[in-house]
Amino acid sequence: RVLIIGAAGQLGSELTKALSDMYGGENVIATDINPKALEKFDYCKSTVLDIMDKDSVRNLVKKEQVKQIYHLAAVLSATGEKNPLFAWHLNMESLLFVLELAKEEKLDKVYWPSSIAVFGPNTPKVNTAQYCVKEPNTVYGISKQAGERWCEYYFQKYGVDVRSLRYPGLIGYKSLPGGGTTDYAVDIYHKAIAGEHFVSFLSEDTYLPMMYMHDAIKATLDLMHAPKENVKIRSSYNLSAISFSPKEIYESIKLTYPDFSISYAPDFRQAIADSWPDSIDDSHARADWGWKHEYDLQKMTADILENLPAYMVNFK
Ligand code: VAH
């Protein structure tokens, strides 16, 4: 069975469906700390689970004969800056526990998401390399950098088959904007469809590496199903698709909503965005396991504007 921790989050909401389609709903267990959020998982097994409740996690793994864990629960960048020690504790303790459990229970595979947040202000910003200076200055980024070191350690020392991707900002329409610095790019679609003015919390020319959720899901499944010997990087793979600024995503939406208006009011999240790269070099992922993105900005905007209006009913 496949256990998904943090299934109701932005990535989990879509990855759970993809994994259920792949393995069958009876073989996938969607878990989250939020019981109400689990109601949407009517196509697989689901149960409330607090990743910090180690005994419950261990009992579930044994009882359900779990062989793979997708550990997606984390405090994201912006929220993390409001609760630094809590973010560090949850992000790190939970990963270490999952890695130790994978070793003890001899799990087949573990998936854990990293992020471009591992890069910091003195990382080269254009076409950022897989190997480069990484001095993240957000708690979230520090926890992702430390987490990558632990993933590689558990693979090298204990043979735990843990795999990871440094996601750019992920954009999808099946979850509301969350605590991420890149979530302005989720919220902007909701405002356009609602016919409301959009105030961007990042300045108009803030370029960030981004990716449509469809591509993020494809990359995750491609990595997790690649032959073990092809997965040469056991910290976390750089992953890239598109880069855009608030101005550019606004312009792409305006083609469909000509009356849509925007203004810019940078807040504390501007400094976080400024510490991250503008674009990413993912040549290792393309070489090792054939990664290739499909969605550019126009294609992403078209798909979201086509599907989000009908999907809004799920947010009531
Ligand atoms: C965040 N969406 O903004 C996440 C992601 C690269 C950004 O890690 O915190």
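The following dialogue goes through the ligand site, the nonpolar cores and two buried residues of a predicted model.

Student: Which residues are around the ligand, and how many of the shell are nonpolar, polar and charged?
Tutor: The surrounding residues are L76, S77, S115, I116, Y140, P168, G169, G180, T181, T182 and W276. When this shell is divided by residue type, the outcome is five nonpolar, six polar and no charged.

Student: Which residues have a polar atom at 2.6 Å or 2.7 Å from an oxygen atom of the ligand, and what percentage of the ligand's area does the protein bury?
Tutor: Two of these pairs involve side chains, since S77 places a polar side-chain atom 2.7 Å from a ligand oxygen, and an N or O atom in the side chain of Y140 is likewise 2.7 Å from an oxygen atom of the ligand. The backbone takes part through T181, a polar backbone atom of which is 2.6 Å from a ligand oxygen. The ligand taken alone would expose 270 Å², and of that area the protein buries 96%.

Student: Which helix gives the largest share of the largest nonpolar core?
Tutor: That core has 74 residues, and Y70, Y189, F244 and W289 are those with the most contacts inside it. Its largest share, seven residues, comes from helix α7, residues 213–224.

Student: Which residues of helix α7 does Y70 touch, if residues up to four places away in sequence are not counted?
Tutor: The residues touched by Y70 include V2, L3, I4, I5, L15, L19 and Y111. Helix α7 spans residues 213–224, so the contacts of Y70 that fall in this range are T220, L221 and M224.

Student: Is M211 buried or exposed?
Tutor: M211 has its place in strand β11, residues 208–212, and its contacts beyond four places in sequence include P168, G169, L239, S240 and W291. Although M211 and S240 are 29 residues apart along the chain, their C-alpha atoms are separated by 7.1 Å. Because its relative accessible area is 0%, under the 20% cut-off, M211 counts as buried.

Student: Where is R163 found, and which backbone oxygen lies 3.4 Å from a polar atom of its side chain?
Tutor: R163 is found in strand β7, residues 162–163, and with 2% relative accessibility it counts as buried. Leaving aside neighbours within four places in sequence, its contacts include K109, Y111, W112, L223, M224, H225 and R234. The C-alpha atom of Y250, 87 residues away along the chain, is separated from that of R163 by 34 Å. The backbone oxygen that lies 3.4 Å from a polar side-chain atom of R163 is that of M224.

Terms used. Residues numbered from 1 in each chain as written. Predicted model: local features only at pLDDT ≥ 70, side-chain atom pairs only at ≥ 80, totals over all residues. Heavy atoms only, no water. Near = heavy atom within 4 Å. Polar contact = N/O pair within 3.5 Å; in protein donor to acceptor, adjacent residues only side chain to side chain. Areas by Shrake-Rupley, 256 points an atom, 1.4 Å probe, with all protein chains shown as cover. Nonpolar A, V, L, I, M, F, W, Y, C, P; charged D, E, K, R; others polar. Core = buried A, V, L, I, M, F, W, Y, C linked by side-chain atoms within 4.5 Å. Buried < 20%, exposed > 50% of the residue type's maximum accessible area, 1.4 Å probe, protein only. Helix = DSSP H or I, 4+ residues; strand = E, 2+ residues; numbered from the N terminus. Contact = heavy atoms within 4.5 Å.
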